Amino acid sequence: IGMHSLFCVCCYFAVLTDHQDLNNTELKTILNSTAPQQYRIRAKLRTYKPQKLYQSIKLHCSKCNSLQEVPDGDDFDFILQGSAVAAPNPELHNTSWYDSVMWTTQDQKQRKIAIHFVKHDEMLQQPEDTLLMIEGGTLKEVWKLTRRFKCVIPVRSTEDDLELLDLSAPFLLQGNIKYYGCKQCSTPKPIKCLSSIAAEQRPSWEPTEIAQVLGIVLLQYVFIMKFTLVDGTGALNAYLFDY
């Protein structure tokens, strides 16, 4: 985190606590008081955590109130590679609510990739309105698809249906945003449940609606920082938590 960024964060923090109608209160008094109370303080910033701004971003579950680290791209790529070991099941292609395309890559591994384009009124939508599901793709291939299509869901084949990958991976990608589900609170449902959205008059493919029909409790990105404030009478830890 740079000094300019730190200054912006501290200014935001100062505005939140700038109660002009209150006199300044020493931190010693606040520490010996019972919560909740409202105070106005004048203090110095001694330390702040985390030291790097990107480390402040976490994933929060509003149901179980848990906080999780945001997985990095390497974790997602590893899960995609693992799911690509099993070839797509051709018996699950071209159903009443999606059309499928499958091909074999020309590299040494000769991976089989399947893309399932969800239909509306038995027709494919424009790319900017389309939800698709991909099997066997790499991280690079998935990101290419997100630049053209509205929503991308990584899946794998079972004997009876397509299913989501491990919830350590994002269950949905929209543009450059990855959406995650809570492992503890989610009860994933079969992918065919998405057909209920495809049957709507105007499918919006909103992440909250997709998560709901798939039995996923959506994790929210939150910003968290810890400040230690001092004024010569004591030290107070202050936490910033925001969506």
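Is Asn 65 buried or exposed in this structure? Asn 65 counts as exposed, because its relative accessibility is 58%. The structure is a predicted model, and the report below describes several of its residues in turn.

## Backbone features in the loops

Asn 65 lies in the loop between strand 2 and strand 3, the latter covering residues 67-69. Its phi angle is near 65°, which is a positive value in a residue other than glycine.

A positive phi also occurs at Trp 205, where the angle is about 55° although the residue is not a glycine. Trp 205 is placed in the loop between helix 5 (195-198) and helix 6 (207-213). With a relative accessibility of 1%, Trp 205 counts as buried, whereas Asn 65 counts as exposed.

Two cis peptide bonds can also be described. One joins Ala 35 and Pro 36, with omega at about 0°. Pro 36 is located in the loop between helix 2 (27-31) and strand 1 (44-49). The other runs from Lys 49 to Pro 50, and its omega is near -5°. Pro 50 is found in the loop between strand 1 and strand 2, which spans residues 57-60.

Tyr 39 likewise belongs to the loop between helix 2 and strand 1. Its relative accessibility of 23% is over the 20% limit for a buried residue, so Tyr 39 counts as partly exposed. The side chain of Tyr 39 is joined to that of Ser 33 by a polar contact of 3.1 Å. Between Tyr 39 and Ser 168 there are 42 Å in space, C-alpha to C-alpha, and the two are 129 residues apart in sequence.

## The surroundings of His 93

Where is His 93 found? His 93 is in the loop between helix 3 (73-83) and strand 4 (98-104). It is buried, because its relative accessible area is 14%, which is under the 20% limit. The side chain of His 93 reaches the backbone oxygen of Asn 89 at 3.4 Å. When residues up to four places away in sequence are not counted, His 93 touches Pro 88, Tyr 98, Ser 100, Met 102, Ala 114, His 116 and Glu 135.

## An annotated segment

UniProt, in an unreviewed entry, places the feature "domain: Protection of telomeres protein 1 C-terminal insertion" at residues 74-217. Over residues 74-217 the chain is 20% helix and 27% strand. The C-alpha atoms at the two ends of this segment are 23 Å apart.

## Salt bridges

Side chains of opposite charge can pair when their charged atoms come close. How many salt bridges does the count give? The count comes to five salt bridges. The table lists three pairs, including the distance between nitrogen and oxygen atoms.

| Acidic residue | Basic residue | N to O distance |
|---|---|---|
| Asp 99 | Lys 119 | 3.3 Å |
| Glu 163 | Arg 156 | 2.9 Å |
| Asp 166 | Lys 183 | 3.8 Å |

Asp 99 and Lys 119 meet through their side chains in a salt bridge. Asp 99 lies in strand 4 and Lys 119 in strand 5 (residues 112-120), so this pair ties together parts that are 20 residues apart in sequence. The two partners can also be described by their accessibility. Asp 99 is partly exposed, with a relative accessible area of 27%, whereas Lys 119 counts as buried at 14%.

In the pair formed by Glu 163 and Arg 156, Glu 163 is partly exposed with a relative accessible area of 31%. Arg 156 is also partly exposed, with a value of 30%.

Asp 166 forms a salt bridge with Lys 183. Asp 166 lies in the loop between strand 9 (162-164) and strand 10 (172-174), and Lys 183 in the loop between strand 11 (177-179) and helix 5, so the pair ties together parts that are 17 residues apart in sequence. Asp 166 counts as partly exposed, because its relative accessibility is 36%.

## A nonpolar patch on the surface

Which residues make the nonpolar surface patch of about 270 Å²? The patch is made by Ile 57, Val 70, Ile 177 and Tyr 221. Tyr 221 lies in strand 12, which covers residues 220-230. Tyr 221 counts as partly exposed, because its relative accessibility is 31%. This value is over the 30% required of a patch residue.

Conventions
Residues are numbered from 1 along each chain as its sequence is written. This is a predicted model: local features need pLDDT of at least 70, side-chain atom pairs count only at pLDDT 80 or more; totals for chains, interfaces and linings use all residues. Side-chain values use heavy atoms; hydrogens and water are left out. Patches are made of residues with over 30% relative accessible area and no salt bridge: like charges are joined within 9 Å, nonpolar side chains (Val, Leu, Ile, Met, Phe, Trp, Tyr) within 5 Å. Accessible areas come from the Shrake-Rupley method with a 1.4 Å probe; for residues, only the protein chains shown count as cover. A salt bridge is a side-chain nitrogen of Lys or Arg within 4 Å of a carboxyl oxygen of Asp or Glu. Helices (H or I, at least four residues) and strands (E, at least two) are DSSP runs, numbered from the N terminus. Buried means under 20% relative accessible area, exposed over 50%, partly exposed in between (1.4 Å probe, protein chains only). A polar contact is a pair of N or O atoms within 3.5 Å; within protein, one must be able to donate a hydrogen and the other to accept it, and residues adjacent in sequence count only if both atoms are side-chain atoms. Contact means heavy atoms within 4.5 Å. UniProt positions are given in the numbering used here, feature names are shortened, and annotations may be inferred rather than shown by experiment.
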